[in-house]
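Let's walk through a protein chain together, step by step. Keep the 3D view open and turn it as you read.

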Amino acid sequence: MLINQLAYAEPYDTAILQGLDKVTARVSRLEVPVGQFIKFGSLEVIARKCDKRPPTETPESAAFLDISEVKPGEAASSVFRGWMFASSPALNPMEHPVYDVWVLDCKNMVSNSSDNSVSVGSE
């Protein structure tokens, strides 16, 4: 079981995701700092946790994500909440008619206080 296999995973501070806008066919790489949110189209993506196994183990990255859709004049609605696994994106996919989001990796960002913005290619 994948969850038991992550028992030896190490925590990282940034989830690396890939997003697909199915309407425009544009693919974007998303770097989401743990505890912060980024916008991807009408979605707000929050990475709650990102774990990765050490190099001596079988490769696996997993992120716990909260993804909400924000439409103008409406309250945000939850689209996805749970773990996504890089090695098995179909195990727990986000179901949305316009967007796909999946985990690629986890990494630790080098502190850089002069650049706190996150840029997404599809906006």
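Which residue in β7 does Ala62 stand opposite? Look across to Phe85: Ala62 stands opposite this residue in β7. Before going further, please keep in mind that you are looking at a predicted model.

Now step back and take in the whole chain. Its secondary structure comes to one helix and eight strands. If you follow the elements from the N terminus on, the order is α-β-β-β-β-β-β-β-β, so the helix leads and the strands follow, with elements numbered from the N terminus.

Let's use strand β6 as our guide. This strand covers residues 61–69, and eight of its nine residues are buried. On one side of the pairing story is strand β5, residues 43–52, which pairs with β6 in the antiparallel sense over nine bridges. Within β6, Ile67 has Val45 standing opposite. Strand β7, residues 77–85, also pairs with β6 in the antiparallel sense, here over eight bridges. As you look along a strand, here is a handy idea: in a regular strand the side chains alternate between the two faces of the sheet.

What happens to the nonpolar side chains? In soluble globular proteins, they tend to be buried together. In this model, the largest nonpolar core has 21 residues, and those with the most contacts inside it are Leu17, Leu65, Ile67 and Met94. The elements that give two or more residues to this core are β2 (14–21), β3 (26–33), β4 (37–40), β5, β6, β7 and β8 (99–107).

Try picking out Leu17 in the viewer. Leaving aside residues up to four places away in sequence, Leu17 touches a list of residues that includes Leu30, Val32, Val45, Leu65, Val101 and Leu104. Val45 should be familiar by now, as the residue that stands opposite Ile67 in β6.

Contacts like these can be counted over the chain too. Among contacts between residues at least 6 apart in sequence, 51% join residues at least 24 apart. Buried residues make up 37% of the 123 residues in the chain. As for the outside, the chain exposes about 7300 Å², and carbon and sulfur atoms supply 52% of that area.

Finish your tour at Ala25, in the loop between β2 and β3. Is Ala25 buried or exposed? Ala25 is exposed, because its relative accessible area of 59% is over the 50% cut-off. The backbone has a detail to notice here as well: phi of Ala25 is near 65°, a positive value in a residue other than glycine.

Technical notes
Residues are numbered from 1 along each chain as its sequence is written. This is a predicted model: local features need pLDDT of at least 70, side-chain atom pairs count only at pLDDT 80 or more; totals for chains, interfaces and linings use all residues. Side-chain values use heavy atoms; hydrogens and water are left out. Buried means under 20% relative accessible area, exposed over 50%, partly exposed in between (1.4 Å probe, protein chains only). Helices (H or I, at least four residues) and strands (E, at least two) are DSSP runs, numbered from the N terminus. Two strands pair if DSSP finds at least two bridges between them. Contact means heavy atoms within 4.5 Å. Accessible areas come from the Shrake-Rupley method with a 1.4 Å probe; for residues, only the protein chains shown count as cover. A nonpolar core is a set of buried Ala, Val, Leu, Ile, Met, Phe, Trp, Tyr and Cys residues joined through side-chain atoms within 4.5 Å.
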